[in-house]
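The following exercises are to be worked with the sequence and the structure at hand. Each task is followed by a solution in steps.

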Amino acid sequence: MGAEEEQKRPENEQPRFNPITVSQFLAWKRQKDADTSAKKAEAARKRAEDIAAGTVQMNGRELFLHEPWVFDNSQY
């Protein structure tokens, strides 16, 4: 379909694009980073709640942080 659209466009017409300024890009990047950070924080909070409730299985790092006595080898 892209080739068909290219053929329909007159030869003298340039493809249109919207140039952005550096400040517009930086504002967009800050917003995107803030959204990503918020999503990660929410996921971590939800995971911590699920672990506390016992609804999900902990991975090794989480088990070590929440129940370090499991890894105590001084008994052997």
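**Exercise 1.** Does Glu 62 count as buried or exposed, and at what relative accessibility?

*Solution.* The model is a predicted one.
Step 1. The relative accessibility of Glu 62 is 15%.
Step 2. Buried means under 20% relative accessible area. Because 15% falls under this cut-off, Glu 62 counts as buried.
Step 3. As for its place in the chain, Glu 62 belongs to helix α3, which covers residues 60-66.

**Exercise 2.** Identify which residues Glu 62 is in contact with, leaving aside neighbours within four places in sequence, and describe the salt bridge it forms.

*Solution.*
Step 1. With those neighbours left aside, Glu 62 is in contact with Arg 47, Ile 51 and Gln 57.
Step 2. With Arg 47, Glu 62 forms a salt bridge whose closest N and O atoms are 2.9 Å apart. Glu 62 lies in helix α3 and Arg 47 in helix α2, so this pair ties together parts that are 15 residues apart in sequence.
Step 3. The two side chains are also joined by a polar contact of 2.9 Å.
Step 4. Arg 47, at 30% relative accessibility, counts as partly exposed, whereas Glu 62 counts as buried.

**Exercise 3.** Examine the salt bridges of Glu 42 with Arg 45 and of Lys 46 with Asp 50, and state how the partners are placed in helix α2.

*Solution.*
Step 1. Side chains of opposite charge can pair when their charged atoms come close.
Step 2. In the bridge between Glu 42 and Arg 45, the closest N and O atoms are 2.4 Å apart. The partners are 3 residues apart in helix α2, and therefore about one helical turn separates them.
Step 3. Both ends of this bridge are partly exposed: Glu 42 has a relative accessible area of 40%, and Arg 45 is at 38% relative accessibility.
Step 4. Lys 46 and Asp 50 meet in a salt bridge of 3.1 Å, N to O. Here the partners are 4 residues apart in helix α2, again separated by about one helical turn.
Step 5. Lys 46 counts as partly exposed at 42% relative accessibility, but Asp 50 is buried, with a relative accessible area of 18%.
Step 6. A search of the whole structure finds 5 salt bridges.

**Exercise 4.** Check whether the span of helix α2 agrees with the value expected from its 32 residues.

*Solution.*
Step 1. Helix α2 comprises residues 22-53.
Step 2. The expected span is 1.5 Å times one less than the number of residues. For the 32 residues of α2, this gives 46 Å.
Step 3. The end C-alpha atoms of α2 are 46 Å apart, so the two values agree.
Step 4. After α2 comes Gly 54, with a positive phi near 80 degrees.

**Exercise 5.** Describe the chain as a whole and its nonpolar surface patch.

*Solution.*
Step 1. The chain has 3 helices and 0 strands, and its pattern along the sequence is α-α-α.
Step 2. Of its 76 residues, 4% count as buried.
Step 3. The accessible surface of the chain is about 7400 Å², and 55% of that belongs to carbon and sulfur atoms.
Step 4. On the surface, Ile 20, Val 22, Phe 25, Leu 26 and Trp 28 form a nonpolar patch, together having about 510 Å² of accessible area.
Step 5. One of these residues, Phe 25, lies in helix α2 and is partly exposed, with a relative accessible area of 37%.

Notes: Residues are numbered from 1 along each chain as its sequence is written. This is a predicted model: local features need pLDDT of at least 70, side-chain atom pairs count only at pLDDT 80 or more; totals for chains, interfaces and linings use all residues. Side-chain values use heavy atoms; hydrogens and water are left out. Helices (H or I, at least four residues) and strands (E, at least two) are DSSP runs, numbered from the N terminus. A polar contact is a pair of N or O atoms within 3.5 Å; within protein, one must be able to donate a hydrogen and the other to accept it, and residues adjacent in sequence count only if both atoms are side-chain atoms. Contact means heavy atoms within 4.5 Å. Patches are made of residues with over 30% relative accessible area and no salt bridge: like charges are joined within 9 Å, nonpolar side chains (Val, Leu, Ile, Met, Phe, Trp, Tyr) within 5 Å. Accessible areas come from the Shrake-Rupley method with a 1.4 Å probe; for residues, only the protein chains shown count as cover. A salt bridge is a side-chain nitrogen of Lys or Arg within 4 Å of a carboxyl oxygen of Asp or Glu. Buried means under 20% relative accessible area, exposed over 50%, partly exposed in between (1.4 Å probe, protein chains only).
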